[in-house]
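Here's a quick tour of a protein model, written for someone just starting out. Keep the 3D view open and click along as you read.

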Amino acid sequence: MTQTSAALGMCFPRTFPAALVTDVARRLDAGGADELWLIEDCFYTAGPSLVAAALTATERLTCGLGIVPAVARTAAITAMEFATLTALAPGRFLPGIGHGVQEWMGQMGVRPKSPLTALEEVTTAVTRLLAGEKVTMQGQYVVLDEVQLDAPPVMPPPILLGVRGPKSLALAGRVAGGVVLAEPASPSYIRTAIEQAGSPENFEVAVFSALCVRPDRKSAYEWTAPWLAGLIEQKNPALPPLPFYDDLVKLHAEKGADGLVTMPQDWWQEIGPIGTLDDAAAHIAAVEAAGAQHIGLFPDPDVEHGLPQLDYVLELVNR
């Protein structure tokens, strides 16, 4: 249904009630959307469960899992879950693995000394298990003794790594099938991330884009400015590739979130599908041109405000 070659869909925020997932999935499926991305963050809803519910409630929708923390489950269990979800709907599941927020990993007693090594070992093990191999590994974080899946997928899905830093992106380029870039995934950030991954061939790039569509730009900017201000204060690694980053930081330092509301339209359009429906469509086109093959539009995390944005998602899908 989309006018773009990239798969376009929506993200299901971690704060949405789990019981909504089947209705959201069905509405997207019936409305022509390509994908639904299910979010797993500690200690909210569990990603694989949401994916299973969404896949079994739909006929054609692809469901992405963005993302499971590498060390929250053993590699063998992660491979079992991925294989099961692939079997439920062959060709309609995209799995993602990431470091996880290290503070959360510490709360659960699984924080690795080297998150990079842990992610590499888990990704390698899960990839080999999904390929049907009998795997023996004696790593720092993954130990397997002749483990083999009883029913590996006939066509294993690519494993995407939800990562941000240059070392992690380089790792994704070496051992994974692609990346999931969290919002704000601007075109400039996407190009930088692909370059840092080594620009490998057959590399799937999925991005999340913070969606805020309003009848007028100012309303959208006023709603989104506090979120952007928080990202600047946190020194979010997706922001420095912006061509106007230094000016953005200066504006925020001088005038705060109120000052961000007055940013030029092209700044906002680079950062996300924020403004009018036409602005959102222009951002989507730019993101695709930068190399994204999967675009998940991320609504407001408050279900009261975020769920109505589904209608805008479908309008953008069917343009």
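What follows is a short briefing on charge pairs, a helix, the nonpolar cores, the cysteines and a loop.

Keep in mind that this is a predicted model. A search of the whole structure turns up eleven salt bridges, while the number of disulfides is zero. The largest nonpolar core has 76 residues.

**Salt bridges across the chain**

- A bit of background: side chains of opposite charge can pair when their charged atoms come close.
- Start with R14 and D41, whose side chains form a salt bridge at 3.0 Å, N to O. R14 sits in the loop between β1 (7-12) and α1 (21-31), and D41 sits in the loop between β2 (35-39) and α2 (47-56), so this pair ties together parts that are 27 residues apart in sequence.
- How much of this pair is open to the surroundings? R14 is partly exposed at 28% relative accessibility, and D41 is partly exposed too, at 24%.
- Next, look at R60 and D34, which meet in a salt bridge at 3.9 Å, N to O. R60 is in the loop between α2 and β3 (62-66) and D34 is in the loop between α1 and β2, so the pair links distant parts of the chain, 26 residues apart.
- Is D34 buried or exposed? With 18% relative accessibility, D34 counts as buried, because the cut-off for buried is under 20%. R60, at 38%, is partly exposed.
- Now find R217 and D279, where the salt bridge is 2.7 Å, N to O. This one connects helix α8 (residues 217-233), home of R217, with helix α11 (residues 277-289), home of D279, and the two residues are 62 apart in sequence.
- R217 is partly exposed at 34% relative accessibility, whereas D279 is buried at 3%.
- Some salt bridges share partners, and that joins D29, D34 and R60 into one network.

**A charged residue without a salt bridge**

- E121 belongs to helix α5 (residues 115-130).
- What is the nearest side chain of opposite charge to E121? That is R128, 11 Å away, and E121 is buried yet has no salt bridge. A salt bridge needs the two atoms within 4 Å.
- The side chain of E121 does have a polar atom 3.0 Å from the backbone nitrogen of V142.
- Setting aside residues up to four places away in sequence, E121 touches M137, G139, Q140, Y141 and V142.

**Helix α1**

- In α1, the buried residues are V21, V24, A25, L28, D29 and G31.
- An α-helix has 3.6 residues a turn, so residues three or four places apart point the same way.
- What do the buried residues of α1 pack against? Their partners are β1, β2, α2 and α13 (309-317).
- Right after α1 comes G32, which has a positive phi, near 100 degrees.

**The nonpolar cores**

- In soluble globular proteins, nonpolar side chains tend to be buried together.
- Which members of the largest core touch the most other members? They are L28, L36, I97, L181 and I190.
- Click on I97 to see its surroundings: leaving out neighbours within four places in sequence, its contacts include I67, V68, F82, L119, V122 and L161.
- Apart from the largest core there is another one, of 21 residues, and among them are C212, L242, L248 and L260.

**Cysteines without partners**

- A disulfide is a covalent bond between the sulfur atoms of two cysteines.
- Why is C11 not bonded to C63? The closest cysteine sulfur to that of C11 is in C63, but it is 12 Å away, too far for a bond.
- For C212 the closest cysteine sulfur is in C11, at 15 Å, and that is also too far for a bond.
- C11 is buried at 0% relative accessibility, and C212 is buried at 4%.

**An exposed glycine**

- G91 lies in the loop between α3 (75-88) and β5 (93-94).
- Is G91 buried or exposed? G91 is exposed, with 70% relative accessibility.
- Although G91 and M155 are 64 residues apart in sequence, they are 7.7 Å apart in space, C-alpha to C-alpha.

Technical notes
Residues numbered from 1 in each chain as written. Predicted model: local features only at pLDDT ≥ 70, side-chain atom pairs only at ≥ 80, totals over all residues. Heavy atoms only, no water. Helix = DSSP H or I, 4+ residues; strand = E, 2+ residues; numbered from the N terminus. Buried < 20%, exposed > 50% of the residue type's maximum accessible area, 1.4 Å probe, protein only. Contact = heavy atoms within 4.5 Å. Lys, Arg positive; Asp, Glu negative; His and termini not counted. Polar contact = N/O pair within 3.5 Å; in protein donor to acceptor, adjacent residues only side chain to side chain. Core = buried A, V, L, I, M, F, W, Y, C linked by side-chain atoms within 4.5 Å. Disulfide = S-S within 2.5 Å.
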